[in-house]
Amino acid sequence: MVIIRDIHIFSMCEHHLVPFFGKMHVGYIPKGKVLGLSKFARIAEIYSKRLQIQERLTKEIADAIMEALNPEGVGVVLECTHLCMVMRGVEKVSSNTVSSAMMGIFRSDEKTRKEFLSLIKNDRF
């Protein structure tokens with residue numbers, strides 16, 4: 001399993017036209033093809049540069065990795081702060097939104113999914 005953690009994400013909420021930002025964590029199990037680590041950040045940039053909602057962004061990134069590499073599986077987790085929650089409306093400064101997309105073995109095998117999720121936790125190193 002290859003895991004890349006804490007890739008910074010910046011995007012614009014398509015509902016409120018204000019930014020959301022946070023970190024992306026990606027894990028995949030190669031099946032032949034591998035990708036340079038910096039390319040995962042580039043994939044995230046490609047999809048985050050348009051107006052987005054976090055849930056769709058998470059799935060689009062996972063879909064792109066699955067299509068490009070055809071791995072045994074991929075997991076993508078986004079942890080973001082939405083300025084629509086922080087600066088307007090309910091003004092909840094410390095709120096975060098977490099979304100995930102699990103595909104292939106990350107979806108079908110609980111042990112693989114748990115390993116990935118435990119390795120991306122904040123209290124790790």
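In this predicted model, helix α1 passes helix α2 in a right-handed crossing. The axes of α1 (residues 37-48) and α2 come within 10 Å and cross at roughly 130°. That angle makes α1 oblique to α2, because the oblique class takes in what lies between the roughly perpendicular range, 65 to 115 degrees, and the roughly antiparallel one, over 145. On the α1 side, the contact is made by Phe40, Ile43, Ala44, Tyr47 and Ser48. On the α2 side, Leu57, Glu60, Ile61, Ala64, Ile65 and Leu69 take part.

Helix α1 also holds Ser38. With a relative accessibility of 44%, Ser38 counts as partly exposed. Ser38 and Ile7 are 31 residues apart in sequence, while their C-alpha atoms are 9.6 Å apart in space.

**The sheet**

Five strands make up an open sheet with mixed pairing, in the order β3-β1-β2-β4-β5. The strands β3 (51-52) and β5 (97-104) stand at the edges; each has a single partner strand, so one side of each is left without a neighbour in the sheet. In general, strands of a sheet pair through backbone hydrogen bonds, in either a parallel or an antiparallel manner.

Strand β2 (residues 19-29) runs antiparallel to β4 (residues 73-82), and 10 bridges join the two. Strand β2 is also antiparallel to β1, to which nine bridges join it. The strands β1 and β2 form a hairpin with five residues between them. In the turn of this hairpin, Leu17 has a positive phi of about 55°. Strand β2 is mostly covered, with eight of its 11 residues buried.

Individual bridge partners can be named as well. Gly27 in β2 stands opposite Ile3, and the bridge partner of Gly27 in β4 is Gly75. For Tyr28, the bridge partner in β4 is Val74.

Helix α2 (residues 54-69) lies across β1 (2-13), β2, β3, β4 and β5. Relative to β4, helix α2 runs at about 155°. Helix α2 is thus described both by its position across these strands and by its crossing with α1.

**Aromatic pairs**

The count of aromatic pairs comes to three. Two of them are set out below.

| Pair | Type | Centre to centre | Angle between planes |
|---|---|---|---|
| Phe10 and Phe21 | stacked | 6.4 Å | 25° |
| Phe106 and Phe116 | edge-to-face | 5.4 Å | 90° |

The pair of Phe10 and Phe21 links distant parts of the chain, with Phe10 in strand β1 and Phe21 in strand β2, 11 residues apart. At 54% relative accessibility, Phe10 counts as exposed, because the cut-off for that class is over 50%. Phe21, at 32% relative accessibility, counts as partly exposed.

The pair of Phe106 and Phe116 likewise links distant parts of the chain, 10 residues apart. Phe106 belongs to helix α4 (residues 105-108) and Phe116 to helix α5 (residues 110-119). Both Phe106 and Phe116 are buried.

Key: Residues numbered from 1 in each chain as written. Predicted model: local features only at pLDDT ≥ 70, side-chain atom pairs only at ≥ 80, totals over all residues. Heavy atoms only, no water. Pairing = 2+ DSSP bridges. Helix = DSSP H or I, 4+ residues; strand = E, 2+ residues; numbered from the N terminus. Contact = heavy atoms within 4.5 Å. Axes fitted to C-alpha atoms, helices over the stretch in contact; angles between N-to-C directions. Phe/Tyr/Trp six-rings, centres within 6.5 Å; stacked < 30°, edge-to-face > 60°. Buried < 20%, exposed > 50% of the residue type's maximum accessible area, 1.4 Å probe, protein only. Parallel < 35°, antiparallel > 145°, perpendicular 65-115°, else oblique. Left-handed = near helix turned anticlockwise from the far one by under 90°.
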